[in-house]
Amino acid sequence: MLKTTLAAALATVGALGLAGCDVEKTQEGNVSVPKYEVEKKASGDVTLPKYDVTTPDVKVGSAETTINVPKVTTEEKKIEVPTVQVTPAPDKDDDKKTQ
């Protein structure tokens, strides 16, 4: 249970961390794609082989049987879980301006 709670907390922190970012473009990008010329040297011919395939017969059904199944119970327990406080980037900028 602790592992599940910790995993959920980390996923939440990750999502909030990405949502709280303030992104600003500082430089323009440029991509130049090289150009190629292709020349056909010879024409090709493809003949694929043929196969005769006999597939097996498959019958799916069900049968009733008795097995031993473990019984799982739960109990309520108080534990201490980590907490995280996130200040988004725009709010941090507002704090700097007021100082």
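**Exercise 1. Surface and burial**

State how much area the protein exposes and what share of it carbon and sulfur atoms supply.

*Solution.* Start with the total. In this predicted model, the protein exposes about 11,400 Å². Carbon and sulfur atoms supply 53% of that area. Next, turn to burial. The protein has 99 residues, and buried residues make up 1% of them. Finish with secondary structure. The protein has 2 helices and 0 strands.

**Exercise 2. Salt bridges**

Find how many salt bridges the structure holds, then classify the partners as buried or exposed.

*Solution.* The count is 2 salt bridges.

Step 1. Take glutamate 28. Its salt-bridge partner is lysine 25, with the closest N and O atoms 3.6 Å apart.

Step 2. Check the accessibility of this pair. A residue counts as exposed over 50% relative accessible area. Glutamate 28 has 61%, so glutamate 28 is exposed. Lysine 25 has 63%, so lysine 25 is exposed.

Step 3. Take lysine 41. Glutamate 39 is its salt-bridge partner, and here the closest N and O atoms are 3.9 Å apart. That value is within the 4 Å cut-off.

Step 4. Apply the accessibility test again. Lysine 41 reaches 73% and is therefore exposed. Glutamate 39, at 60%, is exposed.

**Exercise 3. The nonpolar patch**

Name the residues that make the nonpolar surface patch, and place valine 81 in the chain.

*Solution.* Leu2, Ile79 and Val81 make the patch. Its area is about 260 Å². Now locate valine 81. This residue sits in the loop between helix H1 (2-19) and helix H2 (89-98). Why can valine 81 belong to a patch? Patch residues need over 30% relative accessible area. Valine 81 has 38%, so valine 81 passes that cut-off. At 38%, valine 81 counts as partly exposed.

**Exercise 4. Proline 82 and leucine 10**

Give the separation of proline 82 and leucine 10 in sequence and in space.

*Solution.* First, place proline 82. It lies in the loop between H1 and H2. Second, read its accessibility. The relative accessible area is 49%, so proline 82 is partly exposed. Third, compare the two separations. Along the sequence, proline 82 and leucine 10 are 72 residues apart. In space, their C-alpha atoms are 9.7 Å apart.

Terms used: Residues are numbered from 1 along each chain as its sequence is written. This is a predicted model: local features need pLDDT of at least 70, side-chain atom pairs count only at pLDDT 80 or more; totals for chains, interfaces and linings use all residues. Side-chain values use heavy atoms; hydrogens and water are left out. Patches are made of residues with over 30% relative accessible area and no salt bridge: like charges are joined within 9 Å, nonpolar side chains (Val, Leu, Ile, Met, Phe, Trp, Tyr) within 5 Å. Accessible areas come from the Shrake-Rupley method with a 1.4 Å probe; for residues, only the protein chains shown count as cover. A salt bridge is a side-chain nitrogen of Lys or Arg within 4 Å of a carboxyl oxygen of Asp or Glu. Helices (H or I, at least four residues) and strands (E, at least two) are DSSP runs, numbered from the N terminus. Buried means under 20% relative accessible area, exposed over 50%, partly exposed in between (1.4 Å probe, protein chains only).
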